[in-house]
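The questions below ask how certain labels are earned, and each reply sets a value against the criterion behind the label. The sequence and the coordinates come first.

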Amino acid sequence: LGKVYTLSLGYKPENTDDIIWKDQSQRLVRRKNMKVSDLREYVNIDQNASLLLNFLKKTDEKIYTAEVFNEAGKRVHKINIPLKVVESVSKPYLTIDCSTKTISCGARSIDEGTLELELNGKSLNISSGNVTYNVKEQYAHSPKITCIAKNCASVEKNETEMKCVGSDNKEDKILGLDFWTFIAVIAGIGALILVVISVLLVCHCKKRRNQQHSQVNEVPPSNMPPSHQRQAKLQPPPRTRSKAQPQSRGQTPALPKPRAQARPKPQHNIDPLLVEEQPPPRPKPRSKSANPNKC
């Protein structure tokens, strides 16, 4: 449809012949002595006196008649051509189900035509509608599947390979998945594991840092001498300056009281090495006792 269609005369005329093309209702064109007349706008005639139908459409389904007369007016040839107008077939589609090893072949438009399914060039089935075939054999190499849609107006094909019944493609399957699909799944799982490990490491490091910080604030360093540690414990906390209260007018600021000097603490424990050794006491002379008989 929509194309130029040629109706062949089936006879080699002379230049002086009178050729008339007509359909069931009217004359379409006439050529006599190579001069064209009575030409309709949707037809034409070529050098061989064949009729050309321009922009073929469904209403052109008619019976066309051609007559040839010689120079003496005698009819030397006549032909009747019934024309059937059909639409061109659309490109067929192929569907392969590897789970059931089923092939389906179909077409959107197949006016007055057929569908044919081929496997490695061998015809499997021919039908006027959709074709389905179940592959039961296993092939050494992936077989080529061809779906052919054709009618008297056109022919269209669609070809593909059925890899799921080819032994050369078994090595490409890993756990029932294609090689690249399996690689993508493994990469996704690896990335997820890395993210989980990273989160756990960050949480652990943060918890450990908090513990170390709390230990530094609570426990004095172990490398400090004991006297410094005692001093650090006895040292009073720093005094915070209280904000000066606003003084009322007419009052003199209170003077700070003098601090009482702390009395020195008595030294009870004196180092015996610092005390000078005292010499032992000298013996006293014996005193003469009084004579009891003396008056």
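A residue is called buried under 20% relative accessible area and exposed over 50%, with partly exposed in between. The model discussed here is a predicted one.

Q: Why is C203 called partly exposed?
A: The relative accessible area of C203 is 48%, and partly exposed is the class between the cut-offs of 20% and 50%, so C203 is assigned to that class.

Q: How do you know that C203 is in no disulfide?
A: A disulfide requires two cysteine sulfur atoms within 2.5 Å, whereas the nearest cysteine sulfur to that of C203, which belongs to C205, is 9.4 Å away. C205 is likewise in no disulfide, the nearest cysteine sulfur to its own being that of C203, and with a relative accessibility of 40% C205 also counts as partly exposed.

Q: What makes C98 and C164 a disulfide?
A: Their sulfur atoms are 2.4 Å apart, and the criterion asks for a pair within 2.5 Å, so the two cysteines are counted as bonded. The link joins distant parts of the chain, with C98 in the loop between β9 and β10 and C164 in the loop between β15 and β16, 66 residues apart. Both ends are partly exposed, because C98 has a relative accessible area of 40% and C164 one of 24%, values that fall between the cut-offs of 20% and 50%.

Q: Why is the disulfide of C98 and C164 called left-handed?
A: The torsion about its S-S bond is about -85°, and the disulfide is therefore left-handed.

Q: What makes C105 and C147 a disulfide, and which hand does the link have?
A: The sulfur atoms of C105 and C147 are 1.5 Å apart, which satisfies the requirement of a pair within 2.5 Å. With 50° about the S-S bond, this link is right-handed. C105 belongs to strand β10 and C147 to strand β14, so the pair ties together parts that are 42 residues apart in sequence. Both C105 and C147 are buried. The structure holds two disulfides, and when the bonded cysteines are counted along the chain the pattern is 1-4, 2-3.

Q: How do you know that β10 pairs with β9 and with β13?
A: Pairing requires at least two bridges between two strands; β9 and β10 are joined over five bridges in the antiparallel sense, and four bridges join β10 to β13, again antiparallel. In the first pair the bridge partner of L94 is C105, while in the second S104 stands opposite T132 of β13. Strand β10, residues 102-106, is described as mostly covered, four of its five residues being buried.

Q: Why are β4 and β8 called edges of their sheet?
A: The open sheet has five strands in the order β4-β3-β2-β7-β8, with antiparallel pairing. β4 and β8 each have a single partner strand, so one side of each is left without a neighbour in the sheet. Neighbouring strands of this sheet are turned by 15° against each other on average, direction ignored. For β8 the pairing with β7 runs over seven bridges in the antiparallel sense, and I63 stands opposite P82 in β8.

Q: What makes the phi angles of N33 and A49 stand out?
A: Most residues other than glycine have a negative phi. N33 has a positive phi of about 55° although it is not a glycine, and A49 has a positive phi of about 70°, again without being a glycine. N33 lies in the loop between β3 and β4 and, at 41% relative accessibility, counts as partly exposed. A49 is placed in the loop between β5 and β6, and A49 is called buried because its relative accessible area is 0%, which is under the cut-off of 20%.

Q: How do the residues that line the largest pocket divide by kind?
A: The largest pocket has a volume of about 280 Å³. Of the 14 residues that line it, the closest to its centre are Y5, L56, V86, C152 and A153. The lining divides into ten nonpolar, two polar and two charged residues.

Methods. Residues numbered from 1 in each chain as written. Predicted model: local features only at pLDDT ≥ 70, side-chain atom pairs only at ≥ 80, totals over all residues. Heavy atoms only, no water. Buried < 20%, exposed > 50% of the residue type's maximum accessible area, 1.4 Å probe, protein only. Helix = DSSP H or I, 4+ residues; strand = E, 2+ residues; numbered from the N terminus. 1 Å grid on protein atoms, 1.4 Å probe; cavity = no way out; pocket = protein on both sides within 12 Å on 5 of 7 lines; lining within 4 Å. Points joined across faces, edges and corners; volume = space filled by probe spheres on them. Nonpolar A, V, L, I, M, F, W, Y, C, P; charged D, E, K, R; others polar. Axes fitted to C-alpha atoms, helices over the stretch in contact; angles between N-to-C directions.
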